Amino acid sequence: MARVDTSAGRPYQLVIFGASGFTGQFVAEEVARAASEGPGGNLKWAVAGRSRRKLEQVLEQAAAALGKPELRTGVDVIVADVEEPDSLASMCKQAVIVLNCVGPYRFYGEPVVKACVENGAHHIDISGEPQFLEGMQLKYHDKAADSGVYIVGSCGFDSIPADMGVLFTRDRFQGKLTALESFLTVQAGPDGASIHDGTWQSAIYGFADSSELQSVRRKFNYKPLPTVGAKLKRRGSLFFSPEIQQYSVPFMGSDPSVVKRTQRFLSDQHQETPVQYGAYAGVGGLGSVVKLMFAGFMFWLLVKFSFGRNLLVKHPEFFSFGVFTKSGPTRKQMEGSSFRFDFYGEGYTDGQEPSGGRPNGTIRTAVQGPECGYVATPIAMVQAALTVLNEPAALPARGGVFTPGAAFAKTTLIQRLHRHGITFSVV
């Protein structure tokens with residue numbers, strides 16, 4: 001069972017590392033909102049990063065945004081830097097859980113994971129980078145298990161809605177769910193929407209180094225997951241989806257790989273039937289398709305070369321048609337934005353065996369929530385951390401490196417998210 005008690009030497013239940021970053025600011029505010037949900041109705045937390053001055057500004061801004069002046073003096077500041085291992089070790093020794101907001105994780109993530117494993121702190125991140133996530137599992141799972149440390153990746157919009165949505169759908173299906181597709185749609189408000197360019201940079205370097213991900217996967221030496229029932233057919237690279245009535249493309253984030261890792265864990269550890277999964281994202285009408293094709297072609301062309309990657313990094317707004325910006329979305333843009341995942345599943349109802357032919361049952365579910373990057377992501381990350389603190393006995397029996405679905409399948413995380421505006425429902 002996870003160790004979640006504080007002590008004189010480990011006084012903080014949560015430490016937000018990278019709190020002065022764009023996403024870190026909103027994670028700090030969400031922790032402040034949810035502080036009464038900690039064990040015993042309290043939460044002792046701190047912010048951490050390279051600059052004390054910037055961290056104090058984070059607390060000042062959070063105090064003003066939330067109307068909580070006590071944050072200015074009631075939250076401690078820890079100075080730590082990924083390039084200074086001793087500072088990371090000191091930070092981790094003081095924390096029950098480190099909420100790691102410092103990306104791109106392929107560059108800055110491993111030193112924090114290493115420090116957590118070596119110093120007894122659990123680690124939660126919001127990475128959407130499969131190479132980092134799977135690389136950490138390959139390198140640190142056994143060490144974390146031996147140390148009783150839980151490393152849970154992709155606990156933001158990538159990939160809690162998708163991963164927990166699959167489990168929610170499976171649990172609501174009256175029988176054996178065998179295949180599932182999800183369709184993501186994002187709704188912008190009257191002020192538009194944008195994404196901070198930190199996510200853009202992660203995508204650039206992820207595509208540029210995709211061969212490394214394949215190398216990591218080969219080292220696991222996994223056997224293919226068994227296919228139960230009818231094989232799920234993959235859709236094309238661009239198609240019109242009758243389910244959401246718009247053109248769609250395969251979802252390019254970490255959701256498919258995270259869900260597959262969860263299904264493998266549940267199959268291996270609990271002998272549960274693995275669910276086949278396909279993930280897609282709606283892109284809109286023909287005008288949006290033309291923009292996407294042009295932007296995609298430019299991205300594909302430039303990401304192969306160092307000078308091209310430099311151009312992409314320097315000019316995110318131009319090459320993404322304004323989707324990614326260096327300033328990120330405004331708070332007003334966030335207030336008007338939302339997301340929705342529609343899940344379409346099929347399987348075999350109670351009493352019907354997969355050997356008996358095609359699936360005879362279907363189900364449709366939805367996961368909906370507020371703006372995905374800086375409202376839903378902090379909610380998901382903080383609720384994941386509170387689940388660890390409040391429900392350690394419901395986590396996997398030993399520590400290790402886990403996906404959200406593997407870590408939280410037996411917990412009340414879905415109900416916690418539901419109370420905070422990320423809702424799961426049968427349609």
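**Surface patch, mixed sheet and local backbone features**

In this predicted model, F297, W300 and L301 make a nonpolar surface patch of about 320 Å². W300 belongs to helix α12, which comprises residues 286–302, and this residue counts as partly exposed because its relative accessibility is 48%. The helix that carries W300 also takes part in packing against strands, since α12 lies across β10 (246–250) and β11 and runs at about 105° to β11.

Strands β10 and β11 belong to an open sheet of 7 strands, arranged in the order β9-β10-β11-β7-β13-β14-β16 and with mixed pairing. The edges are formed by β9 (239–241) and β16 (423–426), each of which pairs on one side only. On average, and with direction ignored, neighbouring strands of this sheet are turned by 30° against each other. Helix α8 (residues 160–172) packs on the sheet and touches β7 (175–187), β11 (276–284), β13, β14 and β16, its direction making about 35° with that of β13.

Strands of a sheet pair through backbone hydrogen bonds, in either the parallel or the antiparallel sense. Within the present sheet, strand β13 (residues 338–349) pairs in the antiparallel sense with strand β14 (residues 361–370) over 10 bridges, and β7 and β13 likewise pair in the antiparallel sense, over 12 bridges. The register between β13 and β14 can be followed at individual positions: F339 has G369 of β14 as its bridge partner, and G345 stands opposite I363 in β14. For the pairing of β7 with β13, F183 stands opposite D342 in β13.

Two cis peptide bonds may be described together with the loops in which they occur. One joins G103 and P104, with omega about -5°, and P104 is placed in the loop between β4 (95–100) and α5 (105–108). Another joins D158 and S159, with omega about 5°; here S159 is found in the loop between β6 (150–152) and α8, the latter being the helix that packs on the sheet.

Positive phi values were also examined. In Q245, a residue other than glycine, phi is positive and near 55°; Q245 lies in the loop between β9 and β10, two strands that follow one another in the order of the sheet. Q245 is classed as exposed because its relative accessible area is 55%, the cut-off for this class being over 50%. F321, likewise a residue other than glycine, has a positive phi near 55° and is placed in the loop between α14 (316–319) and β12 (324–325). With a relative accessible area of 43%, F321 is therefore classed as partly exposed.

A positive phi is found as well at G120, which follows helix α6 and has a value near 80°. In α6 itself, which spans residues 110–119, the buried residues are V112, V113, A115, C116, V117 and N119. In an α-helix, residues three or four places apart point the same way, because there are 3.6 residues a turn. Among the buried residues of α6, V112 and V113 lie in the earlier part of the list, and A115, C116, V117 and N119 complete it.

How values were computed
Residues are numbered from 1 along each chain as its sequence is written. This is a predicted model: local features need pLDDT of at least 70, side-chain atom pairs count only at pLDDT 80 or more; totals for chains, interfaces and linings use all residues. Side-chain values use heavy atoms; hydrogens and water are left out. Patches are made of residues with over 30% relative accessible area and no salt bridge: like charges are joined within 9 Å, nonpolar side chains (Val, Leu, Ile, Met, Phe, Trp, Tyr) within 5 Å. Accessible areas come from the Shrake-Rupley method with a 1.4 Å probe; for residues, only the protein chains shown count as cover. A salt bridge is a side-chain nitrogen of Lys or Arg within 4 Å of a carboxyl oxygen of Asp or Glu. Helices (H or I, at least four residues) and strands (E, at least two) are DSSP runs, numbered from the N terminus. Buried means under 20% relative accessible area, exposed over 50%, partly exposed in between (1.4 Å probe, protein chains only). Two strands pair if DSSP finds at least two bridges between them. Axes are lines fitted to C-alpha atoms, for helices over the stretch in contact, and angles run from 0 to 180 degrees between N-to-C directions. Contact means heavy atoms within 4.5 Å.
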